[in-house]
Amino acid sequence: MLKELSPHVATAFPFATTLSLEPLIAYWQARETDPNPGVALLARSIGEQVAAADWARGPILDHATIECNCDLVETLMLAVIPSASFQTAISGVIPPFQRYSFYHTPRFAEVLLNPQQNIKQPLNVDSRTMEVYMARMAYALILDKIYGVQLPITGSITFTVPDYNIGLYRHYSVDFDSTFLDVRVIGERPALTSAQLDTLTHNLHRTDLWQELLPPSSFELVGFNILNLADVTEQEILSELKYDLLERDVLQASDRLEQIQEKLRVLFGRPFLQLGIAAYDEKKKAFVDFGRKINHSFLTKQLAHQEAGSGFRQIYSQLWQDRQPLVLEDVEQADIPEDLRQQILGIGIRSAILALLPYGDDTVGLLELGSPNVNDLDEFCLEKVNQFVPLFAVAVKRNAEEIQTRVQAIIKEKFTAIHPTMEWRFTDAALNLLAKVEEGNKNAEIEPIVFHDVYPLHGSSDIRSSSTARNDAIQGDLIEHLTLANKVLKKASEFQALPILDELKFYVSKHLRRLRQGILTGDEVSIFESLKTEVEPLFDYLSQNTPDLRPVIANYWSNMDPDLGILYKRRKEFEQSVTLLNDTVSDYLDEEEEKAQEMFPHYFQRLKTDGVEHNIYVGASLVENKPFDLVFLKNLRLWQLLVMIEITRRTAELRDKLPVSLETTQLILIHGQPLNIRFRLDERQFDVDGAYNIRYEIIKKRIDKATVLGTGERLTQPGYIALVYAQQREADEYLEYLDYLQDRGLLESEVEELELEELQGVKGLLALRVKVKL
């Protein structure tokens with residue numbers, strides 16, 4: 001049973017709709033007097049056929065009417081779809097507000113119709129959106145034909161339609177042609193003032209307003225619409241790729257790369273196309289992968305373990321030299337090295353295109369396209385490839401720059417001497433240098449970077465007797481190492497009478513006797529080299545030729561560190577202890593330093609050796625457009641004391657948990673006078689500037705060995721904080737801080753005031769020493 005066409009389709013816009021050929025018939029009647037004799041003759045012939053077909057007049061309510069009179073319909077439709085383009089055009093005729101096409105080209109049916117001749121639902125447009133779009137066209141037609149007002153042409157709509165032949169989709173631009181659609185008023189025509197008409201024309205998207213002023217029930221749409229489709233897949237995909245590849249981190253996300261790969265599959269009509277991208281590292285002279293653990297290249301990853309002369313490297317060298325895309329239409333028949341052929345076939349690729357990604361005069365990467373089917377990718381594909389290669393080149397370049405920016409940020413944070421507080425000054429100096437160069441001074445040098453009148457704060461958390469503990473660890477390891485070697489040599493003498501065994505036993509015993517008396521500089525290196533070059537090679541020989549010695553030799557090797565090849569027990573425990581102490585101090589210092597920066601920006605430097613020391617400079621010249629007051633200096637001094645108290649507590653709590661029991665001592669150098677600091681370009685670090693200020697650096701380097709006058713006792717002691725100063729007024733300020741901290745219960749009540757023994761080139765120093773409440 002054939003479906004009837006209802007003149008009143010139930011939608012949110014209830015226009016009365018009637019399928020009719022009368023607008024088309026009227027067109028042919030007007031052509032009967034056409035100046036062109038051929039057109040006029042055809043029109044008169046069509047008029048005679050229409051005169052004999054009563055069904056063609058009035059509304060057509062049944063599909064069967066058209067289907068049974070298809071000859072006349074095809075003749076009439078010559079005005080709609082010319083016969084010359086019938087096989088190539090994507091055009092169809094549909095009743096207003098209907099999804100059924102009663103006349104269409106073969107390509108239209110293939111692209112847009114289901115077996116029932118109904119229009120498929122596009123992937124990108126839902127029913128509601130389509131209905132609103134159709135309503136806007138209807139209202140534009142009403143405004144034009146009934147009220148004589150023409151609306152500006154709005155943008156076209158694009159359908160994304162599945163292509164079941166290849167399992168992908170394609171994009172089509174859709175043009176709705178209403179040439180053969182008339183509008184009739186039902187009842188009295190709605191009256192509109194000029195103001196209302198103006199309101200409508202300026203509110204094209206207010207469908208509620210249009211329905212209110214122009215009720216759909218007042219109009220009937222008579223005739224049919226023509227849908228003309230144009231394949232715009234290539235333009236749409238290239239446009240989408242442009243926006244996709246301009247996004248940040250698009251090449252770092254595997255899901256985004258999958259989306260881009262899917263679009264390229266649509267562009268080429270190849271459902272199994274593979275996309276690969278590799279960046280080119282100019283410093284390494286090699287292709288590299290993107291991301292941390294994301295490999296976006298399916299070919300260059302084969303290079304990782306290839307010899308320099310391998311097929312992969314040969315082909316990339318050729319690609320680099322020719323600067324032209326390489327097309328492999330059939331990998332099995334291609335003129336490429338055999339090992340390359342087998343490796344490409346091994347990853348399932350049967351045809352491929354490789355194209356360098358140029359950016360200006362540089363090459364920033366490589367684009368790879370591969371398919372499991374022969375001839376899927378050929379020379380004809382290069383035109384498309386050349387259109388999107390620049391897009392990928394920009395994306396790769398931008399990605400590389402973003403990575404470099406992140407790397408620079410890490411370097412700036414962890415390695416460079418340019419502290420964020422001072423960065424503005426370096427920026428100014430660089431801008432000034434650029435200005436000089438642009439003015440023609442090509443030999444211009446960057447200006448000196450000096451900060452005047454800054455106040456220094458220095459503190460150190462030193463590991464007490466770390467040198468002695470390290471030497472004890474080295475001595476203990478060497479004694480045990482030699483003892484194990486001597487045990488093997490003695491056992492070997494029981495089985496073989498070799499003079500070399502006696503000589504080596506003498507050598508080992510001599511070093512053992514001397515080591516038990518103390519270790520000398522160079523012992524560690526010389527003993528280690530002798531064991532490696534003379535003793536251990538003999539063990540290999542003995543193990544192979546004397547099976548009874550294998551257990552004792554195996555015991556020797558089991559005590560060696562697998563990475564270093566030496567006995568590394570006590571030294572390892574010592575290094576672990578030092579590292580744990582230093583990390584505890586550094587992490588806490590860094591955490592508190594972030595808070596201190598919020599109080600007032602300042603330069604901060606932290607150094608790790610056998611302990612942790614820190615330097616702070618604060619002053620008006622360090623910051624840009626921010627007032628400085630001495631209250632900020634006092635605040636930092638009190639902050640430093642609080643930090644050193646907490647460090648003392650944390651390291652004391654840690655002592656019993658360490659593999660080697662180590663203690664720390666805390667020291668603060670008080671310097672009340674401001675000084676100047678200069679950035680040394682050759683050393684890329686800050687240093688004090690001027691002869692007077694250099695004395696501060698000399699003191700800072702020597703006070704860790706300071707002793708109390710008359711007693712020889714080390715100033716710094718575990719559990720205490722020592723504060724070194726030169727002038728009494730400096731001590732008076734800190735005595736106030738200590739009194740406050742004692743009141744808070746952080747320090748013991750007694751404060752020692754001490755004179756220090758003369759240091760090399762420094763005398764007259766004084767100190768305060770106070771015990772921390774643990």
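Which residue forms a salt bridge with Arg170? In this predicted model, the partner is Asp231, with the closest N and O atoms 3.0 Å apart. The pair ties together distant parts of the chain: Arg170 belongs to strand 5 (residues 168-177) and Asp231 to strand 8 (residues 225-231), 61 residues apart. Asp231 counts as partly exposed, because its relative accessibility is 32%.

Let's look at the other salt bridges. The structure holds 33 of them, and here are three, including the pair just described:

| Pair | Closest N to O distance |
|---|---|
| Arg170 and Asp231 | 3.0 Å |
| Glu592 and Lys595 | 3.2 Å |
| Arg655 and Asp656 | 4.0 Å |

Glu592 and Lys595 sit three residues apart in helix 19 (residues 570-599), about one turn of the helix. Glu592 is buried at 13% relative accessible area, whereas Lys595 is partly exposed at 43%. As for the third pair, Arg655 is partly exposed at 29% and Asp656 is exposed at 68%. There is also a network of salt bridges linking Glu240, Asp244, Glu247, Arg256 and Lys263.

Now to helix packing. Helix 15 (residues 466-493) and helix 18 (residues 550-558) pack with their axes 10 Å apart, at an angle of about 170 degrees. Angles over 145 degrees count as roughly antiparallel, so helix 15 is roughly antiparallel to helix 18. The residues of this contact comprise six nonpolar, two polar and two charged. Among them are His481 and Leu484 from helix 15, and Val552 and Tyr556 from helix 18.

Finally, a word on confidence: the chain's mean pLDDT is 86, and 93% of its residues reach 70 or more. Over residues 1-10, however, pLDDT is below 50, and over residues 291-295 pLDDT stays under 50.

Key:
Residues numbered from 1 in each chain as written. Predicted model: local features only at pLDDT ≥ 70, side-chain atom pairs only at ≥ 80, totals over all residues. Heavy atoms only, no water. pLDDT = per-residue confidence, 0-100. Contact = heavy atoms within 4.5 Å. Axes fitted to C-alpha atoms, helices over the stretch in contact; angles between N-to-C directions. Helix = DSSP H or I, 4+ residues; strand = E, 2+ residues; numbered from the N terminus. Parallel < 35°, antiparallel > 145°, perpendicular 65-115°, else oblique. Nonpolar A, V, L, I, M, F, W, Y, C, P; charged D, E, K, R; others polar. Salt bridge = Lys/Arg side-chain N within 4 Å of Asp/Glu carboxyl O. Buried < 20%, exposed > 50% of the residue type's maximum accessible area, 1.4 Å probe, protein only.
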